[in-house]
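Hi everyone, thanks for coming. I'd like to walk you through one structure today, going from a small detail up to the big contacts. Have a look at it while I talk.

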Amino acid sequence: MTTTIYRARRILTMNPARPEATHVAVRDGRILGAGTAEELAGWGAATLDERFADKVLMPGLVEGHSHASEGTFWRYVYLGRFDRMDPEGKVWPGADSIDAVIAGMKRAEATLGGLDTPLTGWGLDPIYYGERRVTRRDFDAVSSARAIGVMHASGHILNVNSRALELAGLLRPGINHPGVPLGADGLPTGELKGPDAMTLVGHHVGFDREVLANDEPGLRRFARLCVRKGVTTATDLANLLPQDAVAMMLRVTGESTFPVRIVSLRRFQAMSPQEVVERAVELRRQSSDRLRLGAVKAFADGSIQGFSARLRWPGYYNGAPNGLWYTPPEVLREVYRHALEHDVLVHTHTNGDEATEMALDCLEAALKAAPSRDHRFTLQHCQLADAAQFRRMARLGMCVNLFPNHHFYWGDQHYATTVGPERAERMNACATALASGVPLAIHSDAPVTPLGPLFTAWCAVNRRTASGRTLGTHERISVADALRTITLGAAYTLKLDGEVGSIECGKRADFAVLNDDPLAIGAENLKDVGIWGTVQGGRVFAAGDA
Amino acid sequence: MSRLPLPVTVIGGYLGAGKTTLVNHLLRQAAGRRLAVLVNDFGALPIDAALIEGRDGEVLSLAGGCVCCSYGSDLVGALLDLPSRVLGIDHVLLETSGVALPGAVAATLSLLAGYRLDAVVVLADAETTATRATDLYMADTIVRQFAAADLVLLNKIDLASAAALDAARRTIAEAAPRARIVEVARSAAPIDVVLGMARAPAAPSVALSTPGHVDAATLYDWLRVEVPPGEDLAGLAERLVDPTLGILRAKGLLADRTGRPHALHIVGARWHLDDAPADARPGDLVAIGLRGRLDAAAVRRSLVKAST
């Protein structure tokens, strides 16, 4: 029974009884206590570890909405607008023009072997490059002989070259599909929108469905990225969790050097409400310390920038028709009722405010049928909810996990096109959620936006958009609230707040080890806090070693 | 000669409208046709147990060489995989989820070279259609589902009150002005109407008679007409889809101006010309309509007009 006491420059505990400390004692992977050296001396013989003497410790950060596929995507070429760090710590420069994107693709193409190997990229976001759409001609300039496909940052659009269209049988006239725009020549432009058109071409350009479903190297790389971002608990929010994937995840997360607790939710799909809850109960029994299973993720609607989210009157600012329902209310209500009866946690994707309203109605009805005091059902994204809806969430005992990163990357588009200025200012209403008493988490939805809770906190604190506009001043939250949200707040939505999320006696020894003090660096600079690595379950992981 | 694209019937409609009942009804009438049924999920046991012969992962093998596969969120993947997983399929039934837009599913089929859309069939529950069409959340989805239909099966007419049935008729007529509407109970529509005739221009199969219900033979009528060679087939098809003729379904093996044989498929306002099978002897067209609505004289006139 060894006890290690870490001395740090400052320890931010999130424990209101003693919000700050200088020392934290760890035994058997758990926290004995935080305080002064004298206070901890009573726990008996201990080794004093000074390696964090100039560091700031926080509770290990909790990412409440990410996908392990962030690790998978790094096998492809990153072509986004902004600099982004890969799991090995290399920062890939953002491309500030289509020409820069093409140049990046040419560099990557030159390293590929035979022409059977496709060139696969991700992170493209042409809205930053003006009105012009990217076409197959742009990519043909990289190669006309090799299939090329680049996924947009949103994950909702795929751009390909002529060769890829040809392989998929789409380089022909007469196509009539809203997801396949045509050029003046009557042939597809190379832009493919929505899952159907994307799937058809995706496997010709390297987006292999099987690889994405059960990717062991991807899971390992995701974990390395977590260490770099100070994350010790991360969700994998919408996995189908077939048994072979569960076996792989149990084995990999069980390795003594695996640095993250993964919370993987079973996506509700291709099952009845009763079956998905039965499966969740079965998965819950297979949970380990570092692989938590047994919760369900449901989808109510699509995305706002893809115009597939369900909006209440008056709908989209640009007049686009209302979006799509992914689950009808009768079914969602049944999922909720069965889940409440079996203490299964359900997180529900709602983007538009009509989808949020529908989920609230469904939970209200389900709670009458199956009363439950501590369900913590969580609305994920919930970007457009208004104040009345937050008040309803509070009364129904719901949590919310908002998406401030989205505000940074696409807030300008929401302002100009999707929902218009007024509603864009209320999107991702963190301050309203807190004021209404709704337990709050905030997220990256990695790989849609980069994993990094401190960046997400910066977004919630500043509400800056990519163009520099401050969108919704009144919904900014304080740094202290934001830090609590990316630790205890997210842990609460996963029913893990008794185990992680604060540095206090009895909890897991999960720390984010920081070079800078997030309370001292200034709200403007929160995203620039240097991260040394993590301690997870008492095990030390340096980002530099990852 | 390359294989003809597989015909696909998209079966849409809101929860409880009778989609699954229709699928089972069609499977029981298959009579040698090998149907592949694609369902969104196996959740609510979509297929009658009596029809299931075995299960291999996501594929159920059914009586008469038919199969049923679930596609979850990956419809395109399931359609791409189908030809290699199951051989010898004649027709695909694609049952959409209750909130899916069948028109969008139909558009997706146009991207897949191995398939052709045969028809969009949307079921409506006569008891609830009018209420649903004003539902806070689902109204626009219901209306968009009907708007994409070639054929609406107004179902459960035996259960609905006269007022509800009347309101359902008005809702559908407004939402789907180009669709043909057939009123049924327990989704019991003849396979020759829903999927087309397998072996026209022979007489429609016995499936026009529906066991256990009012004899379908008294509800439907059919006729066969000779079509001389040399016809402008597209022009003929355009005339045959005129709603006043009362044709729900028609199939013809017809020779074009060069004498080349084609198969003409008509469902409601939609028509499609295929290459005819190599051994086809063109010259006949068989049409099915509702009894009392199929206007044989008008159908014949539309042919005569062709040759002038």
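Let me start with a word I'll need right away: a residue counts as buried when its relative accessible area is under 20%. Also, keep in mind that this is a predicted model.

Okay, let's begin with a strand in chain A. Which residues of strand β12 of chain A are buried on its two faces? Strand β12(A) covers residues 157-160, and on one side we have Ile157(A) and Asn159(A), both buried. On the other side sit Leu158(A) and Val160(A), and they're buried too, so both faces of the strand are covered, going by that under-20% cut-off.

Now, what does β12(A) pair with? One partner is strand β11 of chain A, residues 148-152, which runs antiparallel to β12(A) and is joined to it by three bridges. Those two strands make a hairpin, with four residues between them. In the turn you'll find Gly155(A), which has a positive phi of about 80 degrees. Another partner is strand β13 of chain A, residues 191-193, again antiparallel and again over three bridges.

If you want one residue to hang on to here, take Asn159(A). Opposite Asn159(A) in β11(A) stands Val150(A), and in β13(A) the bridge partner of Asn159(A) is Glu191(A).

Let's zoom out to the domains of chain A. Domain 1 spans 77-205 and domain 2 spans 211-536. Their C-alpha centres are 29 Å apart. Where they touch, domain 1 of chain A puts in 14 residues and domain 2 of chain A puts in 16. Together they bury about 1,300 Å², with carbon and sulfur atoms giving 56% of that. How many salt bridges cross this interface between the domains of chain A? The answer is two. Here's a salt bridge to find on your screen: Arg221(A) with Glu88(A), where the closest N and O atoms are 2.7 Å apart. There are also eight residue pairs in polar contact across the interface of these two domains.

Next up, chain B, which also comes as two domains: domain 1 is 6-189 and domain 2 is 206-307. The centres of these two, over C-alpha atoms, are separated by 24 Å. The area buried between them is about 1,400 Å², and carbon and sulfur atoms give 53% of it. On the domain 1 side of chain B, the residues that lose the most area are Arg116(B), Asp118(B) and Arg180(B), together 40% of what that side buries. The rule finds three salt bridges across this interface in chain B. Asp118(B) turns up again here, in a salt bridge with Arg249(B) at 2.6 Å between the closest N and O atoms.

Last stop: where the two chains meet. Here 28 residues of chain B are in contact with 35 of chain A. The area buried between the chains is about 2,300 Å², and 57% of that comes from carbon and sulfur atoms. In chain B, Val99(B), Leu111(B) and Tyr137(B) lose the most area to chain A, together 30% of what that side buries. We count two salt bridges between the chains, and Arg310(A) meets Asp140(B) in a salt bridge at 2.8 Å, N to O. As for elements, α2(B) gives the largest share of chain B's side, with four residues.

That's my tour, so over to you for questions.

Terms used. Residues numbered from 1 in each chain as written. Chains lettered and ligands numbered in written order. Predicted model: local features only at pLDDT ≥ 70, side-chain atom pairs only at ≥ 80, totals over all residues. Heavy atoms only, no water. Buried < 20%, exposed > 50% of the residue type's maximum accessible area, 1.4 Å probe, protein only. Pairing = 2+ DSSP bridges. Domains from an automatic or database assignment. Contact = heavy atoms within 4.5 Å. Buried area = accessible area lost by both parts, 1.4 Å probe. Salt bridge = Lys/Arg side-chain N within 4 Å of Asp/Glu carboxyl O. Polar contact = N/O pair within 3.5 Å; in protein donor to acceptor, adjacent residues only side chain to side chain.
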